[in-house]
Amino acid sequence: MEKITKIQAIKKIILNNGGIADWSTIYTQIENYYPRAKISADWKEGLRGVLYRDKEIVKYSTGVFGLKNKQTWIIPCNIKKYDIEAAFCDNHTIDWTQNKSLLNLSIGDIIYIYVGGQIRNIPYKCEAIEVNVKNQIDDTQFMLDRNFFEGDKNYFRIKLIKKMNTPDLSFEKLKANGLNGNCQGPQTIKNNLLKYIEEKAEICDEQLLLTNNEKHELCKISEEELEYYCNMSDLKSGYKETESLSRIRLVDKRIVEKLKNLYKGQCQLCGACVGLEFGENIVEAHHLEYFSISQNNDSSNIIIVCPNCHRIIHKCNFKFDREQMLFCNKTGQEIKITNPGHLKK
């Protein structure tokens, strides 16, 4: 049985009973999720204590409880006042000012950060992981307008879930799907706009955002070694262990898996479907512009190749010419892309 805490067990009971449960239901079912719940003589008082302290549980009536509905927000960022890109590169977790319009924000709420100016798009999906932050992260180096941040302010903490780059989340598309106003202040999103944003955020390529330390460590890895980790069968991100025993994130391989499925095991260079006769899809991903230099893991920078073509590209030092849609080396040899597919302009 999965080990969970007492409050997690109570929340599971509420969820598994249609989102609402009374004390009798909680008392009866608690041992199904938390076997040691009734060991102490005052176990009922213990359950009440953890329940009443939890901010995600709502009391509907006497002895009847449910879970607080999570909210989704759009929050604007003025990049003339705060360098959010550099802040996320320094730390994937940052603190944000919690003004009056954000008093209802709760832990677990999803936050889409809209960047105005020339960008006019939503590049970041985040989650609120702490409210009423006591010990604020020192990010003064990213404050471009110190006067804007002066004074006593309340803060909440957000964690980066995904960095995105898609025209489908532009201001014009957001307005066409129900965005209110010019996105100059925080607002909750619901109904059609919420559905639209979540759908586009789910299917768009995820841009890998490395911290500054990760970028430094990444330079120690050869491109061929990095792509070995990229093509591991485990769908979780690959890791490289350095001499200092620190771990660095390499790539998000969901993008690679989507492309492999798109081409159904066929190499975009030679057209071979190596391994399919044995029931195995063994094609690999190759970054057109070396990832160790660009940190670009978008699908536009990836081609699907068979192991033979992949080794030739690296061993013979072929470079990609995007205008000609081919690889060439110093001796003038060329390898053409026979199936450009997703790389077409």
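A salt bridge is a side-chain nitrogen of Lys or Arg within 4 Å of a carboxyl oxygen of Asp or Glu. Keep that in mind as you explore these close-ups of a predicted model.

**Figure 1. Glutamate 130 and arginine 157 form a salt bridge.** The closest N and O atoms of this pair are 3.5 Å apart, so the pair falls within the 4 Å limit for a salt bridge. Glutamate 130 belongs to strand S7 and arginine 157 to strand S8, and the pair links distant parts of the chain, 27 residues apart. How accessible are the two partners? Glutamate 130 has a relative accessible area of 28% and is partly exposed, while arginine 157 counts as buried at 14% relative accessibility.

**Figure 2. Aspartate 95 also meets arginine 157 in a salt bridge.** Look for the side chains of these two residues, with an N to O distance of 2.6 Å. Aspartate 95 sits in strand S5 and arginine 157 in strand S8, so this salt bridge ties together parts that are 62 residues apart in sequence. Is aspartate 95 buried or exposed? Aspartate 95 is buried, because its relative accessible area is 4% and the cut-off for buried is under 20%. Now put this view together with Figure 1: salt bridges that share partners join Asp95, Glu130 and Arg157 into one network.

**Figure 3. Aspartate 145 and lysine 81 meet in a salt bridge between two loops.** Their side chains come together with an N to O distance of 3.2 Å. Aspartate 145 is in the loop between strand S7 (121-130) and S8, whereas lysine 81 is in the loop between S4 and helix H4 (84-90). The two residues are 64 residues apart in sequence, so their pairing ties together separate parts of the chain. Aspartate 145 counts as partly exposed, at 23% relative accessibility, and lysine 81 is likewise partly exposed, at 23%. If you would like to hunt for others, a search of the whole structure finds 10 salt bridges.

**Figure 4. Tyrosine 155 is a buried residue of strand S8.** Strand S8 covers residues 155-164, and tyrosine 155 has a relative accessible area of 10%. Which residues does tyrosine 155 contact, leaving aside its neighbours within four places in sequence? Among them are Asp95, Trp96, Thr97 and Gln98, along with Val131, Asn132, Val133 and Phe149. You can also find glutamate 130 again here: its C-alpha atom is separated from that of tyrosine 155 by 8.9 Å, and the two residues are 25 residues apart along the chain.

**Figure 5. The largest pocket has a volume of about 530 Å³.** Rolling a probe the size of a water molecule over the atoms shows where empty space is left. Here, 26 residues line the largest pocket, and Pro76, Cys77, Asn78, Trp96 and Phe148 lie nearest its centre. Strand S4 (72-77), strand S5 (93-97) and strand S6 (110-115) are the elements that give two or more residues to the lining. What is the lining made of by class? It has 13 nonpolar, 9 polar and 4 charged residues.

**Figure 6. Serine 170 is buried in the loop between S8 and helix H5 (171-176).** Its relative accessible area is 13%. Follow the side chain of serine 170 and you will see that it reaches the backbone oxygen of proline 167 at 3.1 Å. Not counting residues up to four places away in sequence, serine 170 touches Arg120 and Asn121.

Technical notes. Residues numbered from 1 in each chain as written. Predicted model: local features only at pLDDT ≥ 70, side-chain atom pairs only at ≥ 80, totals over all residues. Heavy atoms only, no water. Helix = DSSP H or I, 4+ residues; strand = E, 2+ residues; numbered from the N terminus. Buried < 20%, exposed > 50% of the residue type's maximum accessible area, 1.4 Å probe, protein only. Contact = heavy atoms within 4.5 Å. 1 Å grid on protein atoms, 1.4 Å probe; cavity = no way out; pocket = protein on both sides within 12 Å on 5 of 7 lines; lining within 4 Å. Points joined across faces, edges and corners; volume = space filled by probe spheres on them. Nonpolar A, V, L, I, M, F, W, Y, C, P; charged D, E, K, R; others polar. Polar contact = N/O pair within 3.5 Å; in protein donor to acceptor, adjacent residues only side chain to side chain.
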